[in-house]
Amino acid sequence: MAQRERVTTERMDRDAVSAAWPGLADPAHDSQRLFRQILGAMSEPGTLATLAVPAPPSDALGAALWGVVLTLCDLETRVWVAADLDSPALRQALAFHTGARITDDPASADFALLTHDAFDPQTPFAPGSDTYPDRATTLLVVVERLANAGPSMLSGPGIETIRALDIGDSPGCRALMDRLAANRASFPQGLDMIFGCGARLAAVPRSTRVRRADAKEVN
Amino acid sequence: MYVAVKGGEQAIARAHRWLADRRRGDRERPELEVAQIGDQLRLAVDRVMSEASLYDPELAALAFKQASGDLTEAVFLLRAYRTTLPRLAVSEPLDTASMRIERRISATYKDIPGGQILGPTYDYTHRLLDFLQLAGAEVPPAETRDDVTDAEPCPQILELLNDEGLVEQAVDDGSEPMDITRDPPDYPMDRAARLQMLARGDEGYLLALGYSTQRGYGRNHPFAGEIRQGQVEVEVHVEEWDETICVGEIALSECQMINQFGGSREAAPQFTRGYGLAFGHNERKTMAMALVDRALRAEELGEPISGPAQQAEFVLAHADSVDASGFVSHLKLPHYVDFQSELDLLRRLRREHARHSSPERGESLDRPSTEEDTSARKSGQGKHDRESGVHGS
Amino acid sequence: MNGYNFAYLDEQTKRMIRRALLKAVAIPGYQVPFGGREMPMPYGWGTGGVQVTASILGADDILKVIDQGADDTTNAVSIRHFFQRVAGVETTTATTAADVIQTRHRIPETPLRAGQILVFQVPIPEPLRFIEPSEQETRLMHALEEYGVMHVKLYEDIARYGHIATTYAYPVKVDERYVMDPSPIPKFDNPKLDGNPALMLFGAGREKRLYAIPPYTRVESLDFEDHPFEIQRWEHACALCGSDHSYLDEVITDDQGGRMFVCSDTDYCQSRRGEVA
């Protein structure tokens, strides 16, 4: 009897979670559509995409990055969540919709969820190794804004000539772009980032050369 | 006017239909039932299950029937089905010590606790064709079956040696083994991953490799410590109930080889082990697997690596019959674009060869390039490429 | 198809492949290990490409499948039929109409456009494999950017034949870092890899590796200053469409050794003939 009661309570909790943190209505087709947008963003760094995803209750994360989580995370992935995004509700929603394991160790994370404010260049995310550069953390970062304007100029694979990307002016945003600029020196090790702002998304992988138009050479 | 060959789709459909017709054979005779295959061709079914890594005698028999008796094709059919199955639970490690024994022999002791049990073996049959089977003669029922299956679980021989410390212990360190069905191979592989790959490796391939170690290509002085066959319970731990329950029984063959001892200044000499395990009645496979498992431990045990069976990447990368038969058979696919490339180059080289074969033979064909070779070799770090005249275009 | 998920693969397998594809795109030319699955066609017959296509394909995509440049070769027919069956997608033979093109051994003659994805079937993804058979060794060579042996191998050809004797699967360097096997396309197609507006994904099923060339990526064919890379040329034009700049197949027309040359890219050849007519 006790067993059955526990199961019922769990189910009610689960219903509550799925109502508040929406999943994908049609998992196979929705995740395919979202993946193609993410793949497009990663293939053509700095291009902006708008993801059609039901928005999560917390504005802090935004629909686009929640869509990335739903599309890419499952029980085979480890997710690190920065303190300012962390909440019991998010953890429950992650467990319920994806089964992903939450980790406290950024070096073992496949994905890291954070905001630009919480970005600390010293956090030891996994950059991969020279032999296995793919074993690196992908950062999913909430940024101030996303626009194809100065000051950061991107070039390299996926970019025909040059592309401007603006993620914001905060110290965190500047530190993020500095970190991306540093990727070249350690290539093929490095961090790949997917930026979200509401339903909008852009990506900058480690192959991208990042230069600030308005400042002295970064790094 | 030339018209390219069309109608591939129709050709494929007709080939499939023809194949099905051939498989069915003479309609005057009754169609082979899957249950008959499971009953009367059980060793084929066991081999298909082992190499497909799926314990399902009925579907293995179906695959064997569908493949017209081609074991490699049947393994492939069942493996391709297996990969679509959801993973519902992970069983507890199987306890082969508590096997319900059908057969159990040791070559290392004349008599053993629990006894030597021959079981249903071909070992001492004289290989004389039994023409009575052509006539469908009655087969009398077995006699010893009941006594055998009622026997108490027998201790494992290697555990007896354990008591004296004569044989190395295989200790479960509790770490989660790699899953070769989900993770790509990552060399060097630990023994748990190697054993998984050997367990689904092609029997003929392992047999040849194991045999090669006996003939001196990486000899490891094996004794068949124990071979056992029988039924083993599969248990699953259900977390919600915090209980371990038996979900069924499967037939297994197990071989534990006892091999030449190692030892060092620090460690006293001990026998080492090779291990083989397979679904069903699959004794030859388990013996070959145990020999190869032991051979692959050469590096770990500080032995020189001198035979092919000791080279882990070579052995493991080529063990899988689904991999191997796929890649060999892909040579049947059209390659005419690449062949055209080769034709083009060959014609050009022959033209040039004819030109240079004339008395005033030019230098370009056999111009020595040793110096460039050496400098290019030294330029290994890539960045030096331009210094040695090597560049991208 | 009854009992199977959209595009055959289960969602968890697709996610695993999708994550690997993102890493492949982020590190152009690097071979990402992935948990390749058995597919219902043999290894070596395009299982890597099929897994990639199954992981990216959507219900609204239009798919083209070619083998040797042709839409009507048996394996192309078979793979196209597989996706019609398991994903119900629309298929085409027109390069310009396709969103996703799965290919074996060719890059279409018609230039690809931005937004298209070309999926290559790869038998042996490791360009260094025939120089160094050990995976542990070649992985280290890529890590150290230790590619001297590849140049030595090519130069040995020059020493023996006067030419680089590699005519297909001709190695390239991607974005000035990774040496990559472009799959067994004829070297005629190598220049199309450079700066292509389409995304190019490579899948090796048996070897369980994925790699990618993002759009507009610099891809150089390895060569030497005194022996620059060059592509095949024909003394003939296509007997059907008259093209003098496409890759030609030699067709034996009779048992006296009579032969003719026709475009290997059947769609290209047909559309040219359509224009002329």
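**Reading helices, domains and unusual backbone angles**

Visitor: Which residue follows H3(B), and what is the sign of its phi?

Guide: H3(B) is followed by B:Ser53, whose phi is positive, near 45 degrees. Please bear in mind throughout that this is a predicted model.

Visitor: Is H3(B) largely enclosed or open, and why?

Guide: One counts the C-beta atoms around each residue; a residue is buried if 20 or more others lie within 10 Å of its own. Eight of the eleven residues of H3(B) are buried, so this helix is largely enclosed by the rest of the structure. The buried residues are B:Val45, B:Asp46, B:Arg47, B:Val48, B:Met49, B:Ser50, B:Glu51 and B:Ala52.

Visitor: How should the crossing of H3(B) with H5(B) be described?

Guide: One begins with the axes. Those of helix H3 (residues 42-52) and helix H5 (residues 71-82) of chain B come within 8 Å and cross at roughly 50 degrees. An angle that is neither under 35, nor over 145, nor from 65 to 115 degrees counts as oblique; H3(B) and H5(B) are therefore oblique to each other. The crossing is right-handed.

Visitor: Which residues make this contact, and how do they divide by class?

Guide: H3(B) contributes B:Ala44, B:Arg47, B:Val48, B:Glu51 and B:Ala52, while H5(B) contributes B:Leu71, B:Ala74, B:Val75, B:Leu78, B:Arg79 and B:Arg82. By class, seven are nonpolar, none is polar and four are charged.

Visitor: Where is B:Lys285, and is this residue buried or exposed?

Guide: B:Lys285 belongs to helix H10 (residues 283-295) of chain B. With 29 other C-beta atoms within 10 Å, B:Lys285 is buried. Beyond its neighbours within four places in sequence, B:Lys285 is in contact with B:Ser50, B:Glu203, B:Leu206, B:Gly276 and B:Ala278. B:Ser50 is itself one of the buried residues of H3(B). The C-alpha atoms of B:Lys285 and B:Glu254 are separated by 9.5 Å, the two residues being 31 apart along the chain.

Visitor: Which peptide bonds of chain A are described as cis?

Guide: Omega is the angle to read. The bond from A:Gly150 to A:Pro151 is cis, with omega near 10 degrees, and A:Pro151 lies in strand S6 (residues 147-155). A cis bond also joins A:Phe187 and A:Pro188, with omega about 10 degrees; A:Pro188 sits in the loop between helix H5 (171-186) and strand S8 (192-197) of chain A.

Visitor: What phi does C:Ala169 have, and where is this residue placed?

Guide: C:Ala169 is not a glycine, yet its phi is positive, about 50 degrees. C:Ala169 is in the loop between helix H5 (148-161) and strand S6 (172-174) of chain C, and is buried, with 21 other C-beta atoms within 10 Å. C:Tyr216, likewise not a glycine, has a positive phi of about 55 degrees. C:Tyr216 lies in the loop between strand S9 (209-213) and strand S10 (219-224) of chain C.

Visitor: How is chain C divided into domains?

Guide: The assignment gives domain 1 (11-126 + 169-215), domain 2 (128-168) and domain 3 (235-277). In chain C, 14 residues of domain 1 are in contact with seven residues of domain 3. The domain 1 side divides into five nonpolar, five polar and four charged residues.

Visitor: How many residues does each chain give to the contact of chain C with chain A?

Guide: Chain C gives 30 residues and chain A gives 31 residues. On the chain C side, H1(C) gives the most, with eleven residues. That side divides into 18 nonpolar, four polar and eight charged residues.

Note on methods
Residues numbered from 1 in each chain as written. Chains lettered and ligands numbered in written order. Predicted model: local features only at pLDDT ≥ 70, side-chain atom pairs only at ≥ 80, totals over all residues. Contact = placed C-beta atoms within 7 Å. Helix = DSSP H or I, 4+ residues; strand = E, 2+ residues; numbered from the N terminus. Nonpolar A, V, L, I, M, F, W, Y, C, P; charged D, E, K, R; others polar. Axes fitted to C-alpha atoms, helices over the stretch in contact; angles between N-to-C directions. Left-handed = near helix turned anticlockwise from the far one by under 90°. Buried ≥ 20, exposed ≤ 12 C-beta atoms within 10 Å, placed from the backbone. Domains from an automatic or database assignment.
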